[in-house]
Amino acid sequence: MTVESTAARGTSRSGGKRTAAAKPAAKKTAAKKAPARAKGASAPEQPELVQLLTPEGERVEHPEYSIDLSAEELRGLYRDMVLTRRFDAEATSLQRQGELGLWASLLGQEAAQIGSGRALRDDDYVFPTYREHGVAWCRGVDPSNLLGMFRGVNNGGWDPNSNNFHLYTIVIGSQALHATGYAMGITKDGADSAVIAYFGDGASSQGDVAEAFTFSAVYNAPVVFFCQNNQWAISEPTEKQSRVPIYQRAAGFGFPGVRVDGNDVLAVLAVTRAALEHARSGQGPTLVEAFTYRMGAHTTSDDPTRYRTDDERAAWEAKDPILRLRTYLEKEGLADEAFFAKLEKESEELGVSVREKIRTMPDPDTMAIFENVYADGHALIDEERAQFSEYLASFADADETAGKGH
């Protein structure tokens with residue numbers, strides 16, 4: 001069933017905290033700067049999508065996908081989303097304060113990531129992009145390792161094989177090929193695990209993704225392609241990238257595709273579980289399109305007010321994934337105020353911990369970049385190392401000279 005757009009309500013809850021909901025601005029300055037959508041053309045009619053929890057927090061059924069979770073499991077999903085959002089907010093603030101070089105926020109995409117991340121088995125393997133902080137959380141990756149990479153003090157900071165979570169991939173779409181190759185290897189090994197590759201709507205236009213679709217279909221690879229369609233590839237809307245809904249592309253390659261409400265953590269969990277089981281049972285790949293929304297900037301170097309309207313964001317804030325699950329928990333009496341208060345305290349403690357860790361991270365050895373280029377050394381690397389060392393020494397000489405002048 002199709003999710004209907006709803007008007008922004010008077011209040012919303014972000015991370016367990018009641019905050020004023022964003023209201024459409026009286027003067028749409030963003031709309032004047034640049035049209036949000038293709039001018040003179042209406043957006044294509046959206047197909048139905050799998051949904052189990054409405055934006056109003058009402059539980060609904062779906063004929064093909066169902067899920068039965070305990071109160072503890074539901075509270076666990078809510079906790080995951082709240083803490084992931086808190087970590088993400090802290091990282092954004094740290095970047096604004098000069099502690100990180102860049103940050104790619106997941107604000108608004110928590111349900112897509114937590115729902116799919118919790119659908120995985122320990123022996124499944126994940127190939128992320130650079131925004132899958134919620135999936136990393138589900139796989140047990142220390143959040144400080146993510147920060148270290150964006151601070152430039154490590155090249156990832158975790159062993160992919162300890163958590164079956166590959167290093168973040170900055171090159172757009174290439175991880176789809178890596179995932180397909182790994183999945184083909186799993187088949188040859190006779191294992192019954194599955195692989196999942198994450199990418200965005202913009203990456204779906206990359207040739208690497210099309211090649212991955214071809215190879216996975218031909219070799220019946222046990223891989224799930226999980227596209228988080230957050231509506232915007234930086235400043236380019238989805239309808240300028242594809243003439244059909246993204247999930248329908250799978251049919252042309254000979255495997256199933258499904259669109260799920262990416263702001264409904266229950267539906268995402270159910271659909272991803274089914275897709276992973278489809279892969280494990282030898283039936284090949286599936287394309288899951290999680291229809292969600294990026295409420296923040298593409299990265300901290302982006303200004304989304306230049307290309308989208310306040311009204312659009314307000315409409316999606318009314319579908320907030322955390323708000324709708326909290327509403328459901330409260331309506332059904334599955335969580336009390338003590339739970340929410342405890343979680344808010346845990347959330348603030350996480351923020352403090354993240355800030356302390358980032359500020360105490362040691363800077364890497366400046367010369368370490370030359371150490372592992374070649375196993376046995378190389379004359380050109382030796383020459384470049386010497387040149388760089390001399391360059392760094394020139395700053396020390398300049399400081400010394402300036403000091404004598406005073």
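**Group meeting: a walk through the model**

Hi everyone, let's start with the sheet: five strands form an open sheet in the order β3-β4-β5-β9-β8, with parallel pairing. Strands count as paired if DSSP finds at least two bridges between them. At the edges sit β3 and β8 (257-261), each of which pairs on one side only. On average, neighbouring strands of this sheet are turned by 20 degrees against each other, direction ignored. For that angle, axes are lines fitted to C-alpha atoms, for helices over the stretch in contact, and angles run from 0 to 180 degrees between N-to-C directions.

Before going on, some housekeeping. This is a predicted model, in which local features need pLDDT of at least 70 and side-chain atom pairs count only at pLDDT 80 or more, while totals for chains, interfaces and linings use all residues. Residues are numbered from 1 along each chain as its sequence is written, and side-chain values use heavy atoms, with hydrogens and water left out.

The chain has 14 helices and nine strands. These elements are DSSP runs numbered from the N terminus: helices are H or I with at least four residues, strands are E with at least two. Buried residues make up 51% of the 406 residues. Here, buried means under 20% relative accessible area, exposed over 50%, and partly exposed in between, using a 1.4 Å probe and protein chains only. As for contacts, meaning heavy atoms within 4.5 Å, take those between residues at least 6 apart in sequence: 76% of them join residues at least 24 apart.

Back to the strands for a moment. β4 and β5 pair in the parallel sense over six bridges, and Ile196 has Val224 in β5 as its bridge partner. On the other side of the order, β8 and β9 pair in the parallel sense over five bridges. There, Gly257 has Leu287 in β9 as its bridge partner. Four of the five residues of β8 are buried, so β8 is largely enclosed by the rest of the structure.

Now a helix. How far does α8 reach from its first C-alpha to its last? Helix α8 (residues 207-218) has 12 residues and reaches 17 Å, close to the 16 Å expected at 1.5 Å a residue. The expected span is 1.5 Å times one less than the number of residues.

Which residues of α8 are buried? They are Val209, Ala212, Phe213 and Ser216. These four cover an arc of only 100 degrees around the axis, which puts them on the same side of α8. The arc is that of the directions from the helix axis to the C-beta atoms. Their cover includes α7 (174-189), β4 (195-200), β5 (223-229), α9 (249-253) and β9 (286-291). Just after α8, Asn220 takes a positive phi of about 50 degrees.

Next, a residue worth clicking on: Leu147, in helix α5. Leu147 is buried, with a relative accessible area of 0%. Not counting residues up to four places away in sequence, Leu147 touches Phe87, Ala91, Leu100, Trp103, Val354, Ile358 and Met361. Take the last of those: Leu147 and Met361 are 214 residues apart in sequence, yet their C-alpha atoms are 9.7 Å apart in space.

Finally, the charged pairs. How many salt bridges does a search of the whole structure find? There are 23, a salt bridge being a side-chain nitrogen of Lys or Arg within 4 Å of a carboxyl oxygen of Asp or Glu.

One of them joins the side chains of Arg118 and Asp80, at 2.8 Å from N to O. That pair links distant parts of the chain, 38 residues apart: Arg118 is in the loop between α3 (110-117) and β3 (125-127), and Asp80 in helix α2 (residues 71-96). Arg118 is partly exposed at 35% relative accessible area, whereas Asp80 is buried at 4%.

Another joins Lys357 and Asp142, at 3.7 Å from N to O. Lys357 lies in helix α13 (residues 337-359) and Asp142 in the loop between α4 (133-138) and α5 (143-151), so this pair ties together parts that are 215 residues apart in sequence. Both partners are partly exposed, Lys357 at 36% and Asp142 at 31%.

Then there is Asp302 with Arg294, whose closest N and O atoms are 3.7 Å apart. Both of these residues are buried. And salt bridges that share partners join Arg86, Glu90, Glu348 and Arg355 into one network.

That's my tour, thanks for listening!
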